[in-house]
Amino acid sequence: MAILHKSTVPDRYRAEPSVLTALRTPRLLTREVLAGLVVAMALIPEAIAFSIIAGVDPRVGLFSSFVMAVTIAFVGGRPAMITAATGAVALVIAPVARDYGMEYFIATVILAGVFQIVLSLIGVAKLMRFIPRSVMVGFVNALAILIFGAQLPQLLGVPFLVYPLVAAGLIIMVVMPRITKVVPAPLVAIVVLTVATVAIAINVPTIGDQGELPKSLPALFLPNIPLSWETFTIIAPYALGMALVGILESLMTAKFVDEITDTHSNKTRETWGQGVANVLSGLFGGMGGCAMIGQTMINVKASGARTRISTFLAGIFLLVLVLGLGDVLAVVPMAALVAVMIIVSYLTFDWHSIRLSTLKRMPKSETTVMVATVVIIVLTHNLAIGVVAGVIVAMVAFARRVAHLARVERTVELDQPVPTAYYTVTGALFFASSNDLMTQFEYADDPDRIVIDLSASHIWDASTVATLDAITYKYQQHDKQVVIEGLDEASHELHSRLAGNLGGGH
């Protein structure tokens, strides 16, 4: 018999290509470096915008994006995924900065990171298995819509020349990959449009118009707040909300990248890494954040990056650009970044999900879940609320569908010593299906002995046991005997433990 050595067993989390392989391969390394540069440029206006949403100085968002991108490159579980300041997190903790000030704001970010570390240790990442594919499709479609919608302020009420610039950028990014993929098309579009606007002296909005860029490195920041229970009660609800939103968005993004790259990522490590990154972000005066699907799509799909090198360099380039090349960066037209994000929006959207042929084949309940997820996320701009609502809709739809699968067949044998009615129950029995079970029996017309055969079904919850108790009690009122048989081991254990102890009908 051949012996399989441990070294030959495939590691489902092993990154391909590895960082070492990329460093040794000039073509791969060039791709990773250029991808990191493109992402860094795309991060700047978003970090500034999210800082404004959170009610803090733009430098807070920029420093947070730098710290988190560099940190997650080492401690995260999903290679090539980008983590930085995000709008979802900004919305959750904005009230802290407004109502309590910057010291409490930073303390909230640090506590959120601690919560994420704790949640990772208790296995919260495993809950991802309960998010159905229809919710996942709704998640990415909603994000594509939000990414596109976020570009509208840069396209409304602006100089006319913005529109041909955006169109030129889109053309470059569509045509460029057909010519060569050595240089990321988004980077080419940004450079060409920047050179064009400077050379022709076109007056259009630039990155410099979005907010002041920092002039110095981030410094260690320890919040000066009372270490008391009262302080904890103030910041804990916001910190927990931020932790949950960050975990959910990060794990959904990681799962999406897994599908694109046909690889596996360590979701527990990613959750832990997000916590570490948020703690360090807070300690350096950052606003915290989570995985960014837009920038991740730029990195993975538009630029072709696959390793932690691109993530690390995105953070490094971000710092270099805002500190060392701030004056150069300030002249980059927003039209170039808008064009990049429109392409990202297009690539993110699952167009197959809305094809007429797909909609005809797909069960209506699945389409309903997907649409509900999209609508709720788009209306609330809150990914956590949308995903949770989508899961709830999926659960209700599943329960309704499965509830109709439980069937009851009745046969009566009168030629036995004791005339007997046999009921064969088929299907899963839980709160939705067992509620209709009561109506499937002929209590008055059945003979004195009733056998309920559950060998083709399974008892899932206490509601079913209570229903069986109620059926038994109703027959007893007619002086008839009920025998329940055919229970599998798990159903027998649950029924034996709960039968007669639920208080229903007795």
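A residue counts as buried when its relative accessible area is under 20%. In this predicted model, Thr197 has a relative accessible area of 5% and is therefore buried. Thr197 belongs to helix α8, which covers residues 185-200. Leaving aside residues up to four places away in sequence, Thr197 touches Leu165, Ile202, Val204, Val331 and Pro333.

**Overall architecture**

The protein contains 20 helices and six strands. Its C-alpha trace spans about 100 × 65 × 60 Å along the principal axes. Of its 506 residues, 52% count as buried. Among contacts between residues at least 6 apart in sequence, 83% join residues at least 24 apart.

**Nonpolar cores**

In soluble globular proteins, nonpolar side chains tend to be buried together. The largest nonpolar core of this model has 119 residues, and the members that touch the most other members are Ile44, Phe105, Phe139, Leu329 and Val387. Helix α9, residues 229-261, supplies the largest share of this core, with 13 residues. Apart from this core lies another, of 18 residues, which includes Leu437, Ile450, Val465 and Leu494.

The surroundings of Phe139 can be listed in full. Not counting residues up to four places away in sequence, Phe139 is in contact with Glu249, Met252, Thr253, Ile293, Thr373, Ile377, Leu383 and Val387. Glu249 and Met252 also take part in the meeting of α9 with α17, as do Leu383 and Val387.

**Helix packing**

Two packed helices are described by the angle between their axes and the distance between the axes. Two pairs are considered here.

The first pair is α2 and α3. Helix α2 comprises residues 26-54 and helix α3 residues 58-75; they pack at an angle of about 130°, with their axes 7 Å apart. Because of this angle, α2 is oblique to α3. The crossing of the two helices is right-handed. From α2, the contact is made by Ile44, Ala47, Ile48 and Ser51, and from α3 by Pro58, Val60, Gly61, Leu62 and Ser65. By residue class, this contact consists of six nonpolar and three polar residues, with no charged ones. Ile44, a participant in this contact, is also one of the residues that touch the most other members of the largest core.

The second pair is α9 and α17. The axes of α9 and helix α17, the latter being residues 383-403, come within 9 Å and cross at roughly 70°. The angle lies in the range of 65 to 115 degrees that counts as roughly perpendicular, and α9 is therefore roughly perpendicular to α17. On the α9 side the contact involves Val245, Leu248, Glu249 and Met252, which meet Leu383, Ala384 and Val387 of α17. The residues of this contact divide into six nonpolar, no polar and one charged. Val387 is thus placed in the contact of α9 with α17, and it is also among the residues with the most contacts to other members of the largest core.

**Individual residues and accessibility**

Two residues have a positive phi although neither is a glycine: Ala80, at about 75°, and Asp479, at about 60°. Ala80 is found in the loop between α3 and β1, the latter being residues 83-84. Asp479 is located in the loop between α19 (462-477) and β6 (481-485). Ala80 counts as buried, whereas Asp479 is exposed.

Arg361 is in helix α15, residues 356-361, and Ile392 is in helix α17. The accessibility of these residues is set out below.

| Residue | Relative accessible area | Class |
|---|---|---|
| Ala80 | 2% | buried |
| Ile392 | 47% | partly exposed |
| Arg361 | 61% | exposed |
| Asp479 | 69% | exposed |

Exposed means over 50% relative accessible area, so the 47% of Ile392 falls in the partly exposed class.

**Separations along the chain and in space**

Two C-alpha distances complete the description. Arg361 and Leu494 are 133 residues apart along the chain, and their C-alpha atoms are separated by 38 Å. Leu494 is one of the members of the core of 18 residues, while Arg361 is exposed. Ile392 and Gly275 are 117 residues apart in sequence and 27 Å apart in space, C-alpha to C-alpha.

Definitions and conventions
Residues are numbered from 1 along each chain as its sequence is written. This is a predicted model: local features need pLDDT of at least 70, side-chain atom pairs count only at pLDDT 80 or more; totals for chains, interfaces and linings use all residues. Side-chain values use heavy atoms; hydrogens and water are left out. Axes are lines fitted to C-alpha atoms, for helices over the stretch in contact, and angles run from 0 to 180 degrees between N-to-C directions. Helices (H or I, at least four residues) and strands (E, at least two) are DSSP runs, numbered from the N terminus. Angles under 35 degrees count as roughly parallel, over 145 as roughly antiparallel, 65 to 115 as roughly perpendicular and the rest as oblique. A crossing is left-handed if the near helix is turned anticlockwise from the far one by less than a right angle, and right-handed if clockwise. Contact means heavy atoms within 4.5 Å. Ala, Val, Leu, Ile, Met, Phe, Trp, Tyr, Cys and Pro count as nonpolar, Asp, Glu, Lys and Arg as charged, and the others, Gly among them, as polar. A nonpolar core is a set of buried Ala, Val, Leu, Ile, Met, Phe, Trp, Tyr and Cys residues joined through side-chain atoms within 4.5 Å. Buried means under 20% relative accessible area, exposed over 50%, partly exposed in between (1.4 Å probe, protein chains only).
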